[in-house]
Structures are given as C-alpha cells and as structure tokens.
Amino acid sequence: MPELAVGSTFADHIIRGVAGRGGMGVVYRAVHLALKREVALKVIGGELSASPEFRTRFQRECETAASLQHPRVVPIYHAGEEDGQLYVTMRFVEGTDLSRALMARGRLPVDDALRIVKHVADGLQAAHAAGLVHRDVKPANILLDTDGSALLGDFGLTKHVGDEPLTREGVFVGTLDYAAPEQFDAGTVDARTDVYALGCVLYQALSGRVPYPAESDAAKMYAHLQAPPPRLDVLTDDVGPVLSEIVARAMAKDPANRFQDAGELAAAIRGVSARPTLPGDLTVVSEDTRSGDRVTAIPLPPALSSEVGGGSFVGRAEPMARLRARYTAASEGTRQFVLISGEPGIGKTRLASELAREAHAGGATVLFGRSDAESLVPYQPFITAIQHRVAHRQTLYFPPELMPDLAELGRFIPALRRHAPERAPIEDEPEVDRYRLFAAVTRLLAFVAREHPVVLILDDVQWADASTVLLLAHMLQDPEPVQLLVVATMRDSEELGNELLDLLARLRRTPSMEQIALGGLDEAETFALVMAREGGDVSDDVIARLHADTDGNPFFIEELLRGGDLGVPEGVKAMIARRLARLDELTGRVVTVASVVGREFRLEVLEALVDEPVERLISALEAAIGAGLIREVEDDVDRFVFAHALIREALYEEQSASRRVRAHYAIAQALEVLGPRFAAPPAELAHHYLESRHLDREGRASDYAVAAAEQAAAMLSWEQAAAHYRRALDGDLPAERRCELLLALGSAEARSGHGSARDTFARAAMLARRSVGPDALARAALGFAGRHAEAGIVDRDGIALLEEALEALGEGDSPLGVRVRARLADSLHFADASERTFALSLAALEMARRISDPEAQVAALQSRHAALLHVSHLDERLRLDEEILALAERIGVRELEALGRHWSIYDLLEAGSTAAALAEHEALTKLAVALRQPLYRHFAGGWEVVWAQMSGRVTEAERLAREAHELGQRAGARDADTIYAAQLLTLRRREDRLAEYVSTVETFVERHPALVAWRAVLPLAHLLNGEREEGMAAFEELAEDGFAAVPRDMFWFTAMCVLGEACSHIGDVERARELHAALLPYRDRMVQVTQAACFGSAERFLGLLAATFGDVDAAAEHFEAALALNADRGVLPLIPFIRVEYAQRLLARGTPADAERARELVGTAYREAEAAGIAMLVARLKPLLDALESPTSTH
C-alpha cells in the first residue's frame, strides 16, 4: 500500500504528515475526526497485516501494551483494521526523539542523560512487571516531550516472556547497535535484554557514539557477542568510575551479570545521581577549596526531634500508607503536596515527622519550616528550611545558572551572600523582584532535589503570612519535574486567610495534591499508645474511659498520662494548670512570662524580665523541661521552645489582660536594651508595643511598625508590609505623616494585588487635597490610576484624579509632572480623546528631556509610544523604538529592553519587516528566559503564537496560545483573556469557522465596550453565519458619519480592515469607497493585532473593497500585490483564501481571460488547502473546481 497523502483519511483519521518510518510500517501524525484528538497513527505494512499469526499476536500485544498505564510510556489509544491494513493509534508527543537530539548535540550533559534514561527505565519496569519485553529499545523510540520528560514508545516488537518468537527462526528482531548477545544466538529474551539495550542507549547519550561503531553488520554482531563493554570513564572526562561501572554492568554479556530488570537499573541511576560526581560545567562554591567534592550528610532538622516528643509512634497505618505513596510519586519526579489537617494536638506534626524520618533513612533530604501565630518575618518557613540545608553542607556546589538565584536569596539568607555575585538594588517594578525571589527558591529546591528526593515539611500553615502562601503556590505550580514532596500541617479550627483558601481550592483540582484529615486514635491505637507509655499497669476499663474522654487526641492522652490523673479534665488548660500546680512558684512564673514572649524565647530575655539570679532561672527552666512544658532548641544555647503551641496558648490566655499588657511592654523594653547583642526584628518590637499601646506614650509602636513594613517591603512581602502599615496608622497622627503612611500602604496593597489599594490612595488624596500638598496628591493619583494602561479600560475616576493632580502641580518641570502627564495620556487612550492623549504624551516627553531624569524619561517614552499606536505614526514609533532600546542599554534596565523589543516586534511586523521582527523576537525570548518573569514570557509566547499562525501550524499555535494565556494570567495581565480569544478566533477564521463563534464575539463586545475592534468583528461573524440583517445592523452602527464611531487608536487599522471585509459581503458600494480611501495610504502595511494575530497585508482588504465598488482592475492589482506580499512576508495560510476571493471577483466580471486566471487560482488554492488540512475550505472549493474544469463550463 502506498503512503497515505496529506489531507487524506484513514480509519476516521485525517492525515497531517509522516512522523516516522520503521521496519513494520509508517507512523503518521493524524487527527481523529470525531474526538479532534491529535495522535500518532502507525499503519502496519501489507505483508505483516496479511499474516494470520502476526494478526493474532498483534491484537494480543496491543491489548497488553494498552494496559500499561505509566507516565513514562506512550499510551495506546486504539488498535484496529482498515481496508486490510492493521493500525494502532497512540499519543502524539510534541517534541523530538533522543536519536535526533543526539544527532544535533553529539552527546548530552550527564544530568540530562541520567534523567532521560531513568525515565525510560521507570517505563520499562512497568512493562517488565507486566511480563512484557520491548526488544527494540533505542534512541529513536525514546520521545522527548517539550516539558523535558522522556517517554518510551513503539512497543511494536513487544513479546511476552516465554512466548514463541514472533518472527521466523533465524530472523533477527531489534536494532543492531542496541541488540543484546542473546538476540543473535537464539538465547532467552527477557527483561535483561531491554536492560542491555538501555545500557547501550546510556552509553551513547554520555559519549556521543554507539558502543560498537563497526562498519559492517557482521562486525557489530561480533562485538556485541565477544568484545568487552567499552569503559566510559576512559572515553570522557566527566563520567566517573561508578557511573561507568553501571553502564558496563547493564551491558554485561551474560544476562545473569546484568541488572535483572529495568527497576534495578533505575535504582542504580538514582544512586549515582546522589553521588558527588559532578558534571564538568558545575561551579564549586566553597570557603575551603581543599575540601574537594566531599558531601556532608544533612541531618534531620532539629525541630523534628526537639519539638516532636519522641517515644513510640503507634497507629496511623492508613495515613502513613498514603504519605508513602505520595513520597514514591515524588521520588519519580512528580512534585507532590499533602495537607495534613486536624484539631490541635491530634498528631499532625508527629505524623509528618515519621514520614520524614523514614524518607531521611532512605536517603532523602528533609527540610523543615514553621509559621507562628504572630507571623513576624516574611517567608520564615522557607528561610529556615534553606538555612538548614546550607548550614549542613561543608562544600556547596551550584551550577553557574543558579548564581543569580543565590544573589536573590542572599538578601534573606546571609550564609549565601559570600557565594553569589552582589545583588543589584531592587528595580522600579518590585513585583518583578518578588517573582525572581519565588523563582529562585523554586529552582534552588529543584537543584537540591537533583541529589536526593526532598521532603519539605511546613508546619502550622494556617498561620502562614500571605507572602509565604504565594511563594508556596508558585513552587507547587511550577511545571518542571522535580523530586519534591511538600507536607503541610494545618489546624482545621483556625480561620484561614484568603490566599491560603484560594491556593487550596486550586490545588484540590490537581492529582498531585491530597488532604489527609486526621482524626483521633481509635481504641486499639489508644491501647497501643498507653502500653508504650505506661507498660501493662493500666486496666482495659481505664483505657476505654481515657479514649472516650479525649476522643483519641494523642496530646490530651499524653497530658493525662503525664499528670497521673485519669479523671475527666475540663480540657488542655485544666491539664496544664494541674501540671503547673506540682511545680514551684518560680517555674510557674518563668513559663508564664515566657508565654508572652512567644513560642520561642531566649534565656537573656527572661533575665531582663524576671528578677532572679540566672542559676535559679536555669533551674526553673530545667524543671519546666522535666514537666514536658518546654524543650531546648537543638544546635543553639540558651534558646527554648514550648513543647506544643497549645501549651503556650493556654499559659498566655490564663493571664489577665492587665498582666499581659504590662508583660508585653516590659518585653519590648527588654528587647531594646538587648538589641546590640540579640537584635530583635522590628516586627517583634512593634508587636509587643502594639499589644501594650496604652502604655506606649512615645509612639514606639507606630515607629517600629513602619520599620517592620519597610523591612517586609525590602523582602518583597507586600502583604505583610501592608499589614504593618495598617498597624502604624492606628492612633492619632499628624496629617502629613498619615498621608505618607497611606501612600506607602496603597503602594504595598497595589503590589500585593489587594483590592483596597484604590480606596487607600483615595484616602491619601483626600488628606493631600485638604492639607498636605500637590506632590502628595500627584503620588496618590498615580497610585489610584494604576501602574499600566490596559486595552479597553476607561477609568473615569482615575482620569479625574490625575487631571486634578496635574492642575495642582502647575506647569513647572518635575519628575512627578512627567509621570502624571504620561499616566494621564495612557488612561485617556481608550476614552475617545486622541488629541489630548497625543498632546499630553508629547508634553511629558519634552519635560523629561529637559530635566534629564532617566526614570521620568522611561515613563514618557513608553507613554509617547502608546499614544502613537495609530498606523499613521509607524515611522515615528520605529524611531522611538531605537531610542527606548538605546536608553535601556545605557541605564542597564533589562525590563525596559524587553518591553522595548516587544513593541519593536509589533512595529516591524506592521511595517512588513518580518525578518527583522523575527530577529527582535529571538532577542526578546532570550531576555524573557534571563529575566524569568511571566509578563515577558507572556509577550514572547504571544509572538510565538503569531509565527505559528503565519506558517499554518494550527495545533502548535493553539498549544502556544494556551501557554501564553497561562503566563499572562500569572503576570496579572488583565488583557490576557482578550488576547487569547483573538488568537483562537484567528485560528477558527483560518479554518473557515468564524460563523460558529458569534456568541463569543458578542460576549467580548459586551465585556469590552471601549474595544471597538470586537464590534468590528461582529458584523462579519453574523454575515458568515447567514444572519444578514443582524450583520448589516451591526455594520451600520459603526459606518455612520464616515465611520466616526471607530476611534483612531491602536485598533483603528484592524477594525477598518475587518469592516472592509464585512462591507464586501454586504455589497455597500459607497461605504466601500470610503473604506478604500481611508485604508489606501497604508496599503504597504500589515494588519497586526498586538501579539494576538497577524491578518496579513492590507492589500487583500483593499482588493475586496475595490471589487465591491466595481473596479475589478484595481481589485486585481490589490489581490496580486496581496499574494506577493503575504508570500514574501510569510503569512502563508491566508494565500488560498485570497486566491479564492480573487477568483470569485474575476468570475463575476466573466471575461475569458478572467475565467482562465480564476481556474488557475482555484486549482492552486484547492491544492494548498488540501495540503494544509483546511477541510472546510477544501469542501467548499471542490464543487467550484469541478465546475471550472468541466468542458461545458462557461466560466
């Protein structure tokens, strides 16, 4: 059977192209017509399809292969027969295969090679466990997905262990370069055969060549049978003897000497990945370079042993099994998140610690961080966790690409500062820096997880500050594969913050998240706990009553057993009160004071608070330790922690309000005195002064709250900064100070995405207007109006406040004057005020150049460019692009360069300079990768969609559009939905399916009334859907008074061109003349819709309009130019549509020459549409082509 043609159908699949060829048949890229699912369709050759023996085995093996459900195996969808040809469909993997990657790169870095082969080994092990042998493991059958994962495909030669050979005796099955000796000498073929082949693949990935590169097949066979496995450590510099030995063992001649299945090989690879044998491109970062590459074992975090009370761990079999399963999944490279919830004392932290101990014993790195009820330091759990990892590595290894991340983290973790380049000051866009911080933490943990699986325990997340939750969300939603299990504990009795609620709601929809709701111990588990604690001296009746009284809460049980009183208590407070009653007065006083200090406290602070000799204080602390109330913190001296948060809470709440207030005040004063020796963070001092505010006559609470807010802002924790500013505003303050704090609060709220930011700036504006002054009013107006202009948004209140601020500032030159004018120009862009927008942006730019302020000049240049986005100003925009990029280079702001390149691509593409636009996009993509910010990746991804659209790669364009949309949402771009919709509708238009999306267009018209471009699409959608009256009515609304309803903004050109196409369908001659005259000056321009779509040359629309008012010669000139320009500029999918439109206008005139040219155009369009898979256009053209080619045709 000949190969299937592109556009043909086979077994309800439409063929898109050939994906590969093999000995058993051809693999096609195809789309299932009913499911619209892209697949790899393998059609078996005719000889094999005709073999009864093969057919039986084929069916059975396809069934077995389809049963393999593993993330590292390409899934089988369906197997069947069509016209006597057997076929099988499977997932189409977007990417490449290892064979092509090796041809392109020669060899792989060690880490990449190990990751790929480990993935394949994991998939093979699933097959081996099912009794299947692949028999053709080779680079061409290892598919590399775009997310970096590897999948094993093509089980076409698979056999069951023990089956008779599928092929005739003496016929070799497999690929010579990767074939095991037993495949040549009729030996037993089993899982070890696949191990040999995978060893050959690993050898090639690490060395860049096959193990036995002989010239002839006979020589290769002899080498596999007789030659010893070649040594990698001799051939390469960066492969150590351990890894070389693994490859040699996998390739042992005798199967008994190999790894016995792929699982053993995978385990060996994991082991070598954890060894200190590093690729050559890694940087060794160490204070002591003599320490070599020795890796210091990382112990369990002290909190897991000092805070979890040791002793026997009983029960919890089912939750532990669920945790172990999640750890196994994480070890295979899929990040996992488990939330353990329950009431206080139920054993959440103890359960997490038991899993951590098990994982640590198995080689995992365990990190721990905890949130406190008084959340004073942003990101504290992550800082604690990373500090533990850094503190216990004698030598730190980091690859060069992690150096910028270390610089970010050095702000918060001093131990990293000496290992990384100095961090530049925070940029003007602090949310960018926060994204960098989040990405740095994520990548550092991913790097740690390359050595061993990582278990990160986050205790008491119900108290986590908003910034910590956002960092956790970023880390959990990162798409890169990593060996990471995050276990969080949470009290279900606490009120949760909005950020944590939102995160949990999103994660519950993902398969990698699980919540374990922990209840009390059952009666049998209570019995086991009591026996472990007390031995056999407690009766069954007492245990039953104990279980009933405590509902199986382990902490309550322990408290009752510790107190020796098994009567029914009033609660944990009563238990602690009873225990305190047995201690001396000083011990009770010490722990009571300590409970006001916080969960952790230092001896030096108690010395300042309790008027007793230090020896007596130490004795009291030892007594509290003996009573189980507190513990010493490991790895520190004179630092203590309450054994459980409940103990501290109970002691604190038992005190009267008067006593607590005075204790807080005394603690604050003591911390100030101790400051030179033990510097307390401003947030801690603010907390204590705020709790004793009526004693704080000097206003220290407000001062420290501001200092805490500034510190939180420096750490990019805008949510916590806002909370501190709100505390600083509590009380009587002078108007100027209150206004300044409101401005700072509004800025923090805006950067955290808090909805009250505008209200805060409005309050600041009221104070500034009343008594503070014009500068404060201008800053309030800038904050109120938002940081960026967005498509279709008209903020009337913001415009009014900016106008007021501009009047208050007067005509004098100042940076604030520049920024207010620039922001006002941006805000007016979609408010039908083009002349004012133009004048304001020009005034801002001229003022910025007079005062020579780089930051003000940046704002002015951006605003001026936005004001000139009408097509008539293209030349001036191109000059501005050069100025923006030159300024970016001079002041070294890469974010400005990225934004400048984004708009330069738009301008160059509108000018028809596709090659230059592609070059700019390449530079933008590199910048976006370096900046690692979702906004610029959103921009770069949007342009990738445009290039895919222009070249006709529909499936890829849809995938890229989804990815760009997700990045836009992560960046907080409010126009991300609009851009995504425009991208998809452009693709549907190319498929001749715009008529199906009338309701979608209507939705966006209603949602974005200021975006007239959506209103311009609506008439065309109605007309294509056969709704002529509705289409004409929608067209008429915009066409009145010479199309005055279409504002001369950035979308004017697009809207007028789309209206021109609608006009040609309606046949409105006069309006066609108007539109033609308006568009003609821009005939050499491309019709561009930001980074959403390219509609090609304006010549096409001019051709439609000229034909509408009857000038077919002019139309022909326009159409010929459209065909040439779109072909030259790479807008290929439009060309068959233009040919058809051109042909239809020629046929309407009807001369013999027109008919001949039309026949040629339609025939070419038909072939192009068929090759491109535009099914609806093909269906529409077939009868027209038949009619034109008919001998009786008069046209």
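Here is a short tour of a hairpin and some salt bridges in this predicted model.

**Stop 1: the hairpin.** Select residues 1086-1089, which make up strand β22. Add strand β23, residues 1093-1097. The two strands run antiparallel and are joined by 3 bridges. Look across from methionine 1086 and you'll find serine 1097 in β23. Now zoom in on the turn: 3 residues sit between the strands, and threonine 1090 there has a positive phi of about 40 degrees. Color by accessibility and β23 shows up as mostly covered, with 4 of its 5 residues buried.

**Stop 2: a strand-to-strand salt bridge.** The structure holds 61 salt bridges, so we'll just pick a few. Select arginine 639 and glutamate 600, whose side chains meet at 2.4 Å, N to O. This pair links distant parts of the chain, with arginine 639 in strand β21 and glutamate 600 in strand β19, 39 residues apart. Arginine 639 is partly exposed at 23% relative accessibility, and glutamate 600 is partly exposed too, at 32%.

**Stop 3: helix to helix.** Next, grab arginine 769 and glutamate 804, a salt bridge at 2.5 Å, N to O. Arginine 769 belongs to helix α32 (residues 757-772) and glutamate 804 to helix α34 (residues 796-809), 35 residues apart. Both ends are partly exposed: arginine 769 at 45%, glutamate 804 at 26%.

**Stop 4: helix to loop.** Select arginine 850 and aspartate 813, which meet at 2.8 Å, N to O. Arginine 850 lies in helix α36 and aspartate 813 in the loop between α34 and α35, so the pair ties together parts 37 residues apart in sequence.

**Last stop: a network.** Select Glu318, Arg322, Arg326 and Glu514, joined into one network by salt bridges that share partners.

Note on methods. Residues numbered from 1 in each chain as written. Predicted model: local features only at pLDDT ≥ 70, side-chain atom pairs only at ≥ 80, totals over all residues. Heavy atoms only, no water. Buried < 20%, exposed > 50% of the residue type's maximum accessible area, 1.4 Å probe, protein only. Pairing = 2+ DSSP bridges. Salt bridge = Lys/Arg side-chain N within 4 Å of Asp/Glu carboxyl O.
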